[in-house]
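Subject: Structure for you to look at

Hello,

Here is the structure you will be taking over. Please open it alongside this message.

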Amino acid sequence: MKRLTALVLILVAATGFVFAGGDQEGGGVPRLEILQNKPEIDAQLKAYAAAWGQKNGVQVVVKTVGGSVDVDVDQMLTIGYAAGEMPDIFVFPGVADYEKWSEVILDVSDQPWVEETSVEFTYDGKVYGFPVAVEGWGLAYNADILEAAGVDPASLVNYAGYKAAFEKIDSMKAELGLESVVSMAASISMSWVTAHHNFNSLLSAGLPYGDLSVVNDLLAGNVDMARLSQYADWVELLFTYADQAVLLTGDYDAQVGAFAQGKAAFLHQGNWADGNIEAAGAEFPRAFAPHGALATETDGIFASAPAYYAINADSDVQELAKKFLNDLVFTDAGHRYMVEEAGMIPAFASVELSPASPLSQSVQEWVASGKVYSWNQYYFSDSFRDDTLGPIYNQFASGTLSKAQFIQAMKQAFESR
């Protein structure tokens, strides 16, 4: 308790932030306070909140951490909780933070917006988090190259489909002006591509959204060898058809640059790469296809919210907080804020506006069709993914480990974690 009190005093002194959620301002005007963590949309959210507040007779106060503010959401919530002044709406990134603040997060399972999304935050079968936006990844492809090679993107739904496509494109590299089929990085510094994003294929491909059966088995040290073997085939296929220099020593710029310059037909990154691809002058049409991690079809990509809005269960203005979130989903003004002003991929099927960049558009289309798989990699610690799994992928890429040894190393890692 002494440590918490000391931390609170330090943070209050350092930030000057004081919460006062749900207060009645002079004249009886209700006050709605929002704590969020995306400085890049601070101005846009404040402008939307001000307009919404004027329309609804509410004073909306938006407080943003991150960027030049040297505290995070968790620290701010600690301050507010100790002072009895929590915000009415606040963001949390995932399950670990939900579990920490679950006593003050409202069950919103009955809210209308829940029916419009497939990436809401759920826990024990109930909904607790409103997805702020959506990010996603599959395997990005250059549509012009696939058309020239006679490869139908619709065939890219399993291992066999990708194997046939990779073999055909590889045989036409000179004709197509390619240096490799796929731009993939597997160095130790790029373990966030292999042991985070690619690893998620093992955890959630082909499973209903939110299904944790594979995660729970692996956390318990129980390894489905058939699934792991299929996954190893997929990893081997990517590594085999990658530019070996990019694979073993390339960084993010090298990996994305090869795709942007038309030197690779596929890219193993998410929609956040669009800005870098456009900055490189790329104008070719591009979209995402599912990962081919299994023999069976996996008709969907990996999509999730980078953070969620929670409603404070102790707030005096819960109904206003609910209306604020529902109006984002069901009003034209809410749609324009999310897509045109904040530049986000909305997580809701009711939003018909499309983001401007091609890969973000592709993510939105997959989400709108309900063909998405979970981000389950964060059920494993950063150290396990980076320090244990990352080197295993790197050794497989370099040939230090055979595929059989990769499978055994992964199995042992789960059994001994």
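Below are notes on two pockets and two helix pairs.

Please keep in mind that this is a predicted model.

Pockets

The largest pocket holds about 670 Å³ of space. Its lining is made up of 24 residues, and those nearest the centre are Val95, Phe121, Tyr308, Trp375 and Tyr379. Two elements give two or more residues to this lining: helix H4 (95–101) and strand S4 (121–123). Of these, H4 supplies four residues, the largest share of the lining. Sorted by class, the lining of the largest pocket has 14 nonpolar, seven polar and three charged residues.

The second largest pocket has about 340 Å³ of space. It is lined by 19 residues, with Glu135, Asn271, Gly343, Met344 and Ser360 closest to its centre. Here helix H13 (residues 274–279) gives the most to the lining, namely three residues. The class split for the second largest pocket is nine nonpolar, five polar and five charged residues.

Helix pairs

The first pair to look at is helix H2 (residues 42–56) with helix H14 (residues 318–330), which pack at an angle of about 120° with axes 12 Å apart. The crossing of H2 and H14 is right-handed. On the H2 side, the contact is made by Leu45, Tyr48, Ala49, Trp52 and Asn56, and on the H14 side by Leu320, Lys323, Phe324, Asp327 and Leu328. Seven residues of the contact of H2 with H14 are nonpolar, one is polar and two are charged.

The other pair is helix H17 (residues 382–398) and helix H18 (residues 403–416), whose axes come within 9 Å and cross at roughly 170°. How does H17 run relative to H18, roughly parallel or roughly antiparallel? Angles over 145 degrees count as roughly antiparallel, so H17 is roughly antiparallel to H18. H17 brings Phe384, Thr388, Leu389, Ile392, Tyr393 and Phe396 to the contact, while H18 brings Lys403, Phe406, Ala409, Met410, Ala413 and Phe414. By class, the contact of H17 with H18 has ten nonpolar residues, one polar and one charged.

If you want a place to begin, try Val95, Phe121, Tyr308, Trp375 and Tyr379, which lie nearest the centre of the largest pocket. After that, turn to H17 and H18, where the axes come within 9 Å.

Regards

Note on methods. Residues numbered from 1 in each chain as written. Predicted model: local features only at pLDDT ≥ 70, side-chain atom pairs only at ≥ 80, totals over all residues. Heavy atoms only, no water. 1 Å grid on protein atoms, 1.4 Å probe; cavity = no way out; pocket = protein on both sides within 12 Å on 5 of 7 lines; lining within 4 Å. Points joined across faces, edges and corners; volume = space filled by probe spheres on them. Nonpolar A, V, L, I, M, F, W, Y, C, P; charged D, E, K, R; others polar. Axes fitted to C-alpha atoms, helices over the stretch in contact; angles between N-to-C directions. Left-handed = near helix turned anticlockwise from the far one by under 90°. Contact = heavy atoms within 4.5 Å. Parallel < 35°, antiparallel > 145°, perpendicular 65-115°, else oblique.
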